[in-house]
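Visitor: Please walk me through this one at the bench, one topic at a time.

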Amino acid sequence: QVQLVESGGGLVQAGGSLRLSCAASGSISSINSMGWYRQAPGKQRDVVATISRDGSTNYAGSVKGRFTISRDNAKNTVYLQMNSLTPEDTAVYYCNIWAGVSGMAGQRIYWGQGTQVTVSS
């Protein structure tokens, strides 16, 4: 199976920065897209940023210009550099990947356990 381990969340003051990491491991045969989502209390989970295998990126409008998604295919890891954080960025951040597993046909989505990001004013 596939495991995603996230790290890098925490408490930061408004205007500060954090860098999230998400490392995938297990019987992975290939990873297509990777992404970050977030869910604030009482709200639905929304996409923050995605990155394709060739490095093409997409961002939610609210984070464009402040957040940068990147990936290291050799390490099966996706990163989210978050700058100029505001209290509105407070949420649990989840990473996901579309991946194939050795011995199984097709690809499916896998989610990390989530990491809390709290931005104080």
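Visitor: In the hairpin of β7 and β8, which residue takes a positive phi?
Guide: That is N76, with a phi near 50°, in a hairpin that has 4 residues between the strands. Strands here are DSSP runs of E at least two residues long, as helices are runs of H or I with at least four, and the numbering starts from the N terminus.

Visitor: Before we go on, what sort of model is it, and how are residues numbered?
Guide: This is a predicted model, in which local features need pLDDT of at least 70 and side-chain atom pairs count only at pLDDT 80 or more, while totals for chains, interfaces and linings use all residues. Residues are numbered from 1 along each chain as its sequence is written, and side-chain values use heavy atoms, with hydrogens and water left out.

Visitor: Back to the hairpin, how many bridges join β7 to β8?
Guide: There are 6 bridges between β7 and β8 (residues 77-82), and the two strands run antiparallel; strands count as paired if DSSP finds at least two bridges between them. Within this pairing, F67 has M82 as its bridge partner, and I69 has L80.

Visitor: Which side chains of β7 are buried?
Guide: In β7 (residues 67-72) the side chains alternate, with F67, I69 and R71 buried on one face and T68, S70 and D72 pointing to the other, where they are not buried. Buried means under 20% relative accessible area, exposed means over 50%, and partly exposed is in between, using a 1.4 Å probe and protein chains only.

Visitor: And what about β8?
Guide: In β8, 5 of the 6 residues are buried, so the strand is largely enclosed by the rest of the structure.

Visitor: What is the strand order in the sheet that holds them?
Guide: The order is β1-β3-β8-β7, an open sheet of 4 strands with antiparallel pairing. Its edge strands are β1 (2-7) and β7, each of which pairs on one side only. From one strand to the next the twist averages 15°, taken between axes that are lines fitted to C-alpha atoms (for helices over the stretch in contact), with angles that run from 0 to 180 degrees between N-to-C directions.

Visitor: How do the other neighbours in that sheet pair up?
Guide: β1 and β3 (residues 18-26) are joined by 6 bridges and run antiparallel, and Q3 stands opposite S25 of β3. β3 also pairs with β8 in the antiparallel sense over 6 bridges, where S21 is set opposite Y79.

Visitor: Changing topic, how many disulfides are there?
Guide: The count is 1 disulfide, defined as a pair of cysteine sulfur atoms within 2.5 Å. C22 and C95 form it, with their sulfur atoms 2.0 Å apart. C22 lies in β3 and C95 in β9 (residues 91-101), so the pair ties together parts that are 73 residues apart in sequence.

Visitor: Which hand does it have, and are the cysteines C22 and C95 buried or exposed?
Guide: The torsion about the S-S bond of C22 and C95 is about 45°, so the disulfide is right-handed. C22 is buried at 1% relative accessibility, and C95 is buried at 0%.

Visitor: What about aromatic pairs?
Guide: The structure holds 1 aromatic pair. Y37 and W111 form this pair, which is edge-to-face, at 5.0 Å centre to centre and 70° between the planes. The rule takes rings of Phe, Tyr and Trp (its six-membered ring) with centres within 6.5 Å, and calls planes under 30 degrees apart stacked, over 60 edge-to-face and the rest tilted. Y37 lies in β4 (residues 28-39) and W111 in β10 (residues 107-111), so the pair ties together parts that are 74 residues apart in sequence.

Visitor: Which charged end sits over the ring of W111?
Guide: It is that of R45, 4.7 Å from the ring centre, while W111 itself is partly exposed at 35% relative accessible area. R108 likewise lies over the face of Y110, 4.3 Å from the ring centre. For this, NZ of Lys or CZ of Arg must be within 6 Å of the ring centre and within 35 degrees of the ring normal.

Visitor: Last one, what is V47 in contact with?
Guide: Leaving aside neighbours within four places in sequence, V47 is in contact with W36, Y37 and A60, where contact means heavy atoms within 4.5 Å. V47 lies in β5 (residues 46-51) and is partly exposed, with 39% relative accessible area, whereas W36, at 0%, is buried. W36 is found in β4, and its C-alpha is 7.5 Å from that of L80, although the two are 44 residues apart in sequence.
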